[in-house]
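When a residue or a contact is given a label, it helps to ask which value stands behind that label. The questions below take some labels one at a time and set each value against its cut-off.

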Amino acid sequence: MTAVVSPPPSTVDTVARGRVRRASRRRLVITVLALAVVVAFAVTLMVGRTFYPPGDVLRVVLGSDVPGASFTVGRLRLPRAVLAVVAGLSFGLAGVTFQTMLRNPLASPDVIGITSGASAAAAFAIVILGWSGTAVSVTAIVAALGVALLIYTLAFKDGVAGTRLILIGIGVAAMCKSITSYVLSKAGAWDFAEALRWLTGSLNGSTWEATVPTLVALLVFGPVLLGQTRNLSALQLGDDTASALGVRVERTRVIAIVAAVGLIAFATAACGPIAFVSFLAGPIAARLVGPNGSLLVPAALVGALLVLVADLCGQYAFGTRYPVGVITGVLGAPYLIYLIIRSNRTGGSL
Amino acid sequence: MTSVRPAPALDAAPVRRPGPVRFLWLLVVLGLLVALMGASVAIGSRDVGWSEILAALGGSAETMGEAAVTKRIPRTVLAVVVGAALGLSGAVMQGVTRNPLADPGVLGINMGASLAVVAGIAWFGLFSATSIVWAAITGAAVAAVFVYAVGSLGRGGATPLKLALAGAATSAALTSFITAIALPRGDIVENVVSWEIGGVGGATFTGIGTVAPFLVVGFAVSLVSARSLNSLALGDELAAGLGERVALARGVAALGSVLLCGAATAVAGPIGFVGLVVPHLCRLLVGVDHRWLLPFSAIVGACLLTGADVLGRIVARPTELDVGILTALIGAPFFIAIVRRQKVREL
């Protein structure tokens, strides 16, 4: 950022101008992301075995009856697209909340085991107990909260150190994964490929019954998290600074954890733990927006865009249909390694 | 482990134990191993009498009971061999990296072997057992070099945190690739999923015979490097001062460790945490001298895996719990305990 220095501007001017410039960049990025999500959503509705023009799609969405399109778009593609958006928003929002709160991009729920806890519980409820719908979501949320509490308690020793929390999370994730493996090995009737698909995250077979609870969860927990934006940003400065600024640190943390875990659990129960979305959304959003205030909204949009685009790619870009989680996993994993390489090189935190 | 101080060493294990104590422990763990092997042959979903077990051990398979016992024999042998390989491999890895969290599973080396095997089967049509073992060892070696390189970038070299993170990230990455390769292949996906969990259930003597040469070389190389691991434990400068060729010693030891865990993964799937837990236990028993630690880790590793396999057959009767699941359930809390004991700046 080199400012033009013909008449030396006063510091106040520079700061003020920088602020305006960054705010406008942030607005621009959010607008572009939102538009991109809308476009990807529309494309998801139009493209498929049969192509429907935008007009038909719009009429179906608005509720009128179009022969053919009403079933394909209204019953098959619309729930899938809505679930993609809702799950993407949920994963993105929850991921960036954890990353902000713990001041480390590696502390996303899928790295530290919270997502694994939710998916182990959901798999247990589906396969062993034979439950479905809301009961599964509730089991997932209880387990995910329990796992979050467990990790936090175990990491607590003279305060919570981010590094210790991440390593402990990796250990807990390994346990949860072994439980999931056990449950799936019991699933005689459940096809192995189907199990593997669900474990990486898949939008196949999305129905309104699965989508609606996730949407409700987003409408409940999303605003709660957005209401904590200011406090979360203060937490990024460190607990002591935040409480000096008048933030009630523990309260903020508990609210944020419960809301973020709720989002993760409902989304995971509906479509499986879509790999790496909650990890990727935050750092990508940070790259796009720059150091300009809260990342919550941009990260949520990035999450939605990732899931929509990855699902489109998975369905149509290759010879076989890949579930969305395979695409996000294959994209996200190298990025995770790149982040680690970069942070090791510079020696700082990520 | 009660109130051990997390002083400079990983465990507050004594540096040396008097000889008789170590011999006593050696007898104890050997006795335990024999007992567990006996249990592994005797216990299963079908109850068999002693006469049937003895008859089956003598080579007869006439009654149903004898046939069941006959099937348990290769399985027991495999559990012993794989457990010993993983335990020893973990001990060597912890010595080479001077890192208490090193383990073929935690560092993602098992997953490197898995990816190589899955890719080999799916893309290159590898069918012969020997070529699969070669693929696994190659994959393990590549993953080991990669994780170590990533983990030792930057200041402070390969700290436990950096290595564990690099390993976890690499594991996650490799798992994604394995899924991407296996999913479209309906013909192999079931095998891949069940193999991924890690188990010794389908053991045959032919399978064991295929990996045996690799394991023998791996055991030999690893055990031979005990002395140089002792020097390396003093730090690179001091080891060099003592006349150790540091890079060579480290490379040889790492090669032995990779051979062991690659071959073990090829035959039993990626079984985690055995290599993590076992050396820590053994350090408590016999101290940090690698000439004792390495053989002990092999024996205790064999005990752990055989015991876990027996336990898996008892708790989930009449079916069974794959041994990879049990070792993760036992080993992960152990991993967490080690992490908790470390001071933050040591991470």
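A disulfide is a pair of cysteine sulfur atoms within 2.5 Å. The model shown here is a predicted one.

Q: What makes the sulfur of B:Cys282 too far from the closest cysteine sulfur for a bond?
A: The closest cysteine sulfur belongs to B:Cys303 and is 9.1 Å away from the sulfur of B:Cys282. A disulfide needs the two sulfur atoms within 2.5 Å, so at 9.1 Å the pair is too far apart for a bond. Seen from the other side, the sulfur of B:Cys303 has its closest cysteine sulfur in B:Cys282, again at 9.1 Å. Over all chains, the structure holds 0 disulfides.

Q: Why is B:Cys282 called buried?
A: The relative accessible area of B:Cys282 is 0%, and buried means under 20%, so the label applies to B:Cys282. The label buried also goes to B:Cys303, because its relative accessible area is 6%.

Q: Is A:Ser116 buried or exposed, and how do you know?
A: With a relative accessibility of 8%, A:Ser116 falls under the 20% limit and therefore counts as buried. A:Ser116 belongs to helix H4 of chain A, which covers residues 114–128. Leaving aside residues up to four places away in sequence, A:Ser116 touches A:Ala173, A:Cys176, A:Lys177 and A:Thr180.

Q: What makes A:Val136 a buried residue?
A: Its relative accessible area is 3%, and because buried means under 20%, A:Val136 is placed in that class. A:Val136 sits in helix H5 of chain A, and when residues up to four places away in sequence are not counted, the residues that A:Val136 touches include A:Trp131 and A:Ala269. From A:Val136 to A:Pro79 there are 57 residues in sequence and 19 Å in space, taken from C-alpha to C-alpha.

Q: Why is A:Arg103 called partly exposed?
A: Partly exposed lies between the buried limit of 20% and the exposed limit of 50%, and A:Arg103, at 38% relative accessibility, therefore counts as partly exposed. A:Arg103 lies in the loop between helix H3 (69–101) and H4 of chain A, and its phi is near 55°, a positive value in a residue other than glycine.

Q: How do you know which class of exposure B:Arg98 belongs to?
A: The relative accessible area of B:Arg98 is 38%, so with limits at 20% and 50% B:Arg98 is partly exposed. B:Arg98 is found in the loop between helix H3 (64–97) and helix H4 (109–123) of chain B, where its phi, near 50°, is a positive value in a residue other than glycine.

Q: What makes up the contact between the two chains, and how much area is buried between chain A and chain B?
A: Chain A gives 44 residues to the contact and chain B gives 43 residues. Chain A and chain B bury about 3700 Å² between them, with 80% of this area on carbon and sulfur atoms. Helices H5 (134–155), H6 (162–186), H7 (192–200) and H14 (324–346) of chain A each supply at least two residues of the side that touches chain B. The largest share of that side, 16 residues, comes from H6(A). By type, the residues on the side of chain A that touches chain B divide into 28 nonpolar, 11 polar and 5 charged.

Q: How many salt bridges does the rule find across the interface of chain A and chain B?
A: The rule finds 0 salt bridges there, while 2 residue pairs, both at pLDDT 80 or more, are in polar contact across the interface.

How values were computed: Residues numbered from 1 in each chain as written. Chains lettered and ligands numbered in written order. Predicted model: local features only at pLDDT ≥ 70, side-chain atom pairs only at ≥ 80, totals over all residues. Heavy atoms only, no water. Buried < 20%, exposed > 50% of the residue type's maximum accessible area, 1.4 Å probe, protein only. Helix = DSSP H or I, 4+ residues; strand = E, 2+ residues; numbered from the N terminus. Contact = heavy atoms within 4.5 Å. Buried area = accessible area lost by both parts, 1.4 Å probe. Salt bridge = Lys/Arg side-chain N within 4 Å of Asp/Glu carboxyl O. Polar contact = N/O pair within 3.5 Å; in protein donor to acceptor, adjacent residues only side chain to side chain. Nonpolar A, V, L, I, M, F, W, Y, C, P; charged D, E, K, R; others polar.
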